[in-house]
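Okay, thanks for coming, everyone. I'll put the model up and then walk you through it.

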Protein chains: 2
Amino acid sequence: MGKGEETRLAVLDQAVEVARRVGLSGLTIGSLAEQAHLSKSGLFGHFNSKEALQLQVLERARERFEEEVARPVLRAPRGEPRVRELVDRWLRWDAAPGGCPFVAAASEFDDQPGAVRDRLVRDQRDLFDMITTVFRTGVAEGQFEADADADQFAQDLYGVMLACHHAARLLGDRQAEQRARRAVDALLAGARSRASS
Amino acid sequence: MGKGEETRLAVLDQAVEVARRVGLSGLTIGSLAEQAHLSKSGLFGHFNSKEALQLQVLERARERFEEEVARPVLRAPRGEPRVRELVDRWLRWDAAPGGCPFVAAASEFDDQPGAVRDRLVRDQRDLFDMITTVFRTGVAEGQFEADADADQFAQDLYGVMLACHHAARLLGDRQAEQRARRAVDALLAGARSRASS
DNA sequence: GCAAGTTCCGTACGGTCGTGCTTTTCTGTT
DNA sequence: AACAGAAAAGCACGACCGTACGGAACTTGC
């Protein structure tokens with residue numbers, strides 16, 4: 001890895017942290033350069049446009065999410081344990097200072113067309129697909145009701161995470177995470193296959 | 001109402017619409033002035049600072065929410081009908097072009113201290129209080145389990161709304177609202193008092 | 001240890017931001 | 001109709017934004 005690549009990654013890692021707090025459009029070349037001990041033009045040279053920077057920040061955040069959440073989850077036993085592993089890791093990811101960068105970015109760009117929004121939509125779709133897949137695996141294992149709606153489960157679970165994010169972050173509610181876990185319990189209880197007959 | 005007050009309100013109403021799309025920090029004096037057919041300084045004179053403008057936008061949004069959602073809800077029959085009325089009106093409010101202005105503002109300011117954030121927290125707390133009150137009324141009516149957790153219900157319901165907001169707005173999912181209603185059904189089913197013995 | 005190429009800095013430009021000041025235009029009252 | 005006060009315009013400012021370009025400083029391969 002050349003020197004350039006090295007500093008580029010360092011800048012991106014820093015930028016992801018900043019974006020958690022101020023969002024993608026809150027990022028500025030100047031302040032990022034300052035934090036990286038670079039000149040504005042020095043930093044700019046690595047990206048050539050602000051939009052490219054934002055896209056790469058998004059990509060880096062996605063990589064991190066896959067490392068810390070998505071991939072490890074697939075190593076947990078199929079079905080309910082895997083769902084719980086997902087929730088655990090997701091909550092941990094979300095609890096990082098500044099919260100989840102995608103949540104911040106999502107509400108910024110949900111009405112602003114462009115490459116960033118497109119990328120964001122793709123990532124969010126992938127996330128939903130990941131959830132439904134994990135859930136459907138549980139169905140295939142016979143742990144969840146055969147006619148349970150995976151898309152419904154995904155949206156519900158996402159809502160639990162968002163509510164936790166907001167309650168904890170904005171309102172400073174210490175019990176938000178605990179409530180989120182209870183909500184997941186209820187979700188799972190509703191999906192669990194009844195031992196009928 | 002003098003002329004000044006009249007244009008001030010017109011500007012604020014316009015600003016609320018804009019803030020739904022670009023957030024509170026996305027508001028700029030210049031573009032607002034253009035839309036209001038005013039000069040920058042002409043508009044600025046009504047607020048004297050951008051932060052004051054943001055605060056007044058927040059206040060106007062709150063007024064609107066109370067008119068369109070909070071107050072009418074209290075006229076619905078206590079208990080489950082009232083909860084459903086809340087969900088109905090809230091979904092309608094949220095479906096307005098640009099979505100809910102508070103959702104946009106909340107993730108912008110959840111990590112940026114200041115008067116705007118403080119105001120936002122207050123409003124959000126009031127919203128949660130409203131939900132818990134509506135729910136507890138249902139408990140008092142005997143429609144919901146006596147030991148049901150109103151705070152849990154509020155966070156869950158808020159999550160349903162947020163998930164709907166994001167799925168519909170960012171992902172363009174047409175079925176998001178329908179899923180939200182199903183989620184509310186499940187929530188209510190879980191809270192409904194069992195006709196035991 | 002020198003040449004080639006990458007990495008970074010200095011500086012500058014046009015633009016927009018929020019914000020003051022002064023002056024003109026409009027409103028409402030007597 | 002005249003006048004006092006409010007409302008809006010005009011203009012200027014300093015700051016910061018993203019972007020561009022040329023040269024200095026450093027790496028790297030030979």
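Let's start with the DNA. Around strand C there are 21 residues, and Gly4(A), Ser41(A), Gly42(A), Gly30(B) and Lys50(B) come nearest. "Near" here means that a residue's C-beta atom, placed from the backbone, lies within 6 Å of the strand. The elements giving two or more residues to that surface are α1 (3–22) and α3 (40–44) from chain A, plus α2 (29–35) and α3 (40–44) from chain B. When I say helix, I mean a DSSP run of H or I with at least four residues, while a strand in that sense is a run of E with at least two, and both are numbered from the N terminus.

Before I go on, some housekeeping. This is a predicted model, where local features need pLDDT of at least 70 and side-chain atom pairs count only at pLDDT 80 or more, while totals for chains, interfaces and linings use all residues. Residues are numbered from 1 along each chain as its sequence is written, and chains are lettered from A and ligands numbered from 1 in the order in which they are written.

Back to strand C: its surface splits into 3 nonpolar, 13 polar and 5 charged residues. Nonpolar covers Ala, Val, Leu, Ile, Met, Phe, Trp, Tyr, Cys and Pro; charged is Asp, Glu, Lys and Arg; the others, Gly among them, go down as polar.

What about strand D? It has 21 residues around it, the closest being Gly30(A), Gly4(B), Ser39(B), Ser41(B) and Gly42(B). Here α2 (29–35) and α3 of chain A, with α1 (3–22) and α3 of chain B, each give two or more residues. By class, that's 3 nonpolar, 13 polar and 5 charged.

Now the two protein chains. How many residues of chain A are in contact with chain B? It's 34, and they meet 34 residues of chain B, with contact meaning C-beta atoms, placed from the backbone, within 7 Å. On the chain A side, α6 (101–109), α7 (115–140), α8 (150–169) and α9 (176–191) give two or more residues. The largest share, 11 residues, comes from α8(A). That side of chain A divides into 15 nonpolar, 10 polar and 9 charged residues.

On to symmetry. A rotation of 180° with 0.0 Å of shift along its axis puts chain A on chain B, RMSD 0.0 Å, so this is the relation of a two-fold axis. The fit is by least squares on C-alpha atoms of residues with pLDDT of at least 70 in both copies. Both copies use the same surface, with 100% of the contact residues of chain A recurring in chain B.

Within chain A, have a look at α4 (residues 50–73) and α5 (residues 80–94). Their axes come within 8 Å and cross at roughly 170°. Those axes are lines fitted to C-alpha atoms over the stretch in contact, with angles from 0 to 180 degrees between N-to-C directions. So α4(A) is roughly antiparallel to α5(A), a label for angles over 145 degrees. Among the residues meeting there are Phe65(A) and Val69(A) from α4(A), and Leu86(A) and Trp90(A) from α5(A). That contact has 7 nonpolar, no polar and 4 charged residues.

Last, a backbone oddity. His37(A), which isn't glycine, has a positive phi, near 55°. His37(A) sits in the loop between α2 and α3 of chain A. His37(A) is exposed, with 9 other C-beta atoms within 10 Å; exposed means 12 or fewer, buried 20 or more, and partly exposed in between, with C-beta atoms placed from the backbone.

Notes
Contact = placed C-beta atoms within 7 Å. Parallel < 35°, antiparallel > 145°, perpendicular 65-115°, else oblique.
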